[in-house]
Amino acid sequence: MNPINIFWSSVFFIFGTIVGSFLNVCIYRLPEELSIIFPLSHCPNCKAKIKWYDNIPLLSYIILQGKCRNCGKPISPVYFIVELLTGILFLTAFLFSSGAAEVVFRIMFFSLLIVVSFIDLKHFVIPDECNIIGLVFALLASSFFPHLQGEAKWYLGLYRSFLGAVTGFAVLSAVSLAGSKLLKKDAMGFGDVKLIAMIGSFGGVLVVFLSIAISSIVGTVIGGTALLIKNKTWKGKVPFGPYLAIGAVVSILWGNKLVDWYLGLF
Ligand SMILES: [Zn+2]
């Protein structure tokens, strides 16, 4: 890698960790219906304001050894994980995209997926705000930059994005309906159906089907492992949103390669 690439890779990673620290605020406050701008960050335990020098992404958590400077109570490692994950995904978006529009498009997509996944893991709910913001952003971006959807005309870019959203919504609604008929209980939350519509608006039809396929495989592996090692907190309790998000990231970055590899098997 040449020095310029190393420089920009570092910039995107650091920028990612800073955005990650904002995503933490969204993850913490959106489900509680609190403002994501005010008040400034404070310790969830002792309510002490967090000083700027204790709010440096990744570093502060390591320096303070995961504890509040004021009261000494442990701070959830989720904060650190979200900052690190956002940094890695921003770096990946930079390395695996061509052109500024595509990098911004994917950075927005990955940020929304992180917020949705961590809220779903904690509260078993996917906030509508995230799906709506994502859908509107993707439809607009696909019209202004149709090449994001592999098209040259604005209305074709918009059409691809819209078609992805509708396909995702229709396919997962059908799966959900069939599942609840078969299992005689709700197989899948409606939040997941809206999430796959948002994923489809970013990635189009191919990403919808790949995301569902990959998330089913990942879900089966993790669910099966939980059954084998008899982990009670995992068993049947992990929501589907994070699986869909993993599927979406993999398929938007490597979707075409996956299809080529799959077709090459025959
Ligand atoms: Zn504290």
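Start by selecting Pro44, which sits in the loop between H1 and helix H2 (59–63). You are looking at a predicted model, so treat this as a walk through computed coordinates.

**Stop 1: the loop between H1 and H2**

Is Pro44 buried or exposed? Show the C-beta atoms around Pro44: 11 others lie within 10 Å, and Pro44 is exposed, because a residue counts as exposed if 12 or fewer are found in that range. Now add Cys68 to your selection. Cys68 and Pro44 are 24 residues apart along the chain, and a distance tool will give 9.4 Å between their C-alpha atoms.

Stay in this loop and pick Lys47, which is also placed between H1 and H2. Lys47 is exposed as well, with 10 other C-beta atoms within 10 Å. Check the backbone angles here: phi of Lys47 is positive, near 65°, in a residue other than glycine.

**Stop 2: the whole chain**

Clear the selection and switch to a cartoon view. How many helices and how many strands does the protein chain have? You should find eight helices and zero strands. Read from the N terminus on, the order of elements is α-α-α-α-α-α-α-α. The radius of gyration is 20 Å, close to the 18 Å from the globule rule for 266 residues, so the protein chain is as compact as a globular protein of that length.

Turn the model around to see its extent: the C-alpha trace spans about 60 × 50 × 35 Å along its principal axes. If you colour by burial, buried residues make up 35% of the 266 residues. Contacts tell you about the fold too: among those with a separation of 6 or more, 65% join residues 24 or more positions apart.

**Stop 3: two domains and their contact**

Next, colour residues 1–95 as domain 1 and residues 99–266 as domain 2. The C-alpha centres of domain 1 and domain 2 lie 25 Å apart. Where they touch, domain 1 gives 15 residues to the contact and domain 2 gives 14 residues.

Which elements give two or more residues to the side of domain 1 that touches domain 2? Select helix H1 (3–29) and helix H3 (77–95) to see them. H3 provides the largest share of that side, with nine residues. Now colour this side of domain 1 by class: 13 residues are nonpolar, two are polar and none are charged.

**Stop 4: between H4 and H5**

Move into domain 2 and select Phe124, in the loop between helix H4 (100–123) and helix H5 (128–144). Phi of Phe124 is near 55°, a positive value in a residue other than glycine. Phe124 has 14 C-beta neighbours inside 10 Å and counts as partly exposed.

**Stop 5: the bent helix H7**

For the last stop, select helix H7, residues 190–228. How far does H7 span between its end C-alpha atoms? A straight helix of 39 residues would span 57 Å at 1.5 Å a residue, but H7 spans only 29 Å.

To see where H7 changes direction, select Gly204: H7 bends by about 130° there. Then follow the chain past the end of H7 to Lys230, where phi is positive, near 50°.

While you have a helix on screen, try looking down its axis. An α-helix has 3.6 residues a turn, so residues three or four places apart point the same way.

Terms used:
Residues numbered from 1 in each chain as written. Predicted model: local features only at pLDDT ≥ 70, side-chain atom pairs only at ≥ 80, totals over all residues. Helix = DSSP H or I, 4+ residues; strand = E, 2+ residues; numbered from the N terminus. Expected span 1.5 Å × (residues − 1). Bend = angle between axes of the 7 residues up to and from the residue. Domains from an automatic or database assignment. Contact = placed C-beta atoms within 7 Å. Nonpolar A, V, L, I, M, F, W, Y, C, P; charged D, E, K, R; others polar. Rg over C-alpha atoms; globule rule 2.2 N^0.38 Å. Buried ≥ 20, exposed ≤ 12 C-beta atoms within 10 Å, placed from the backbone.
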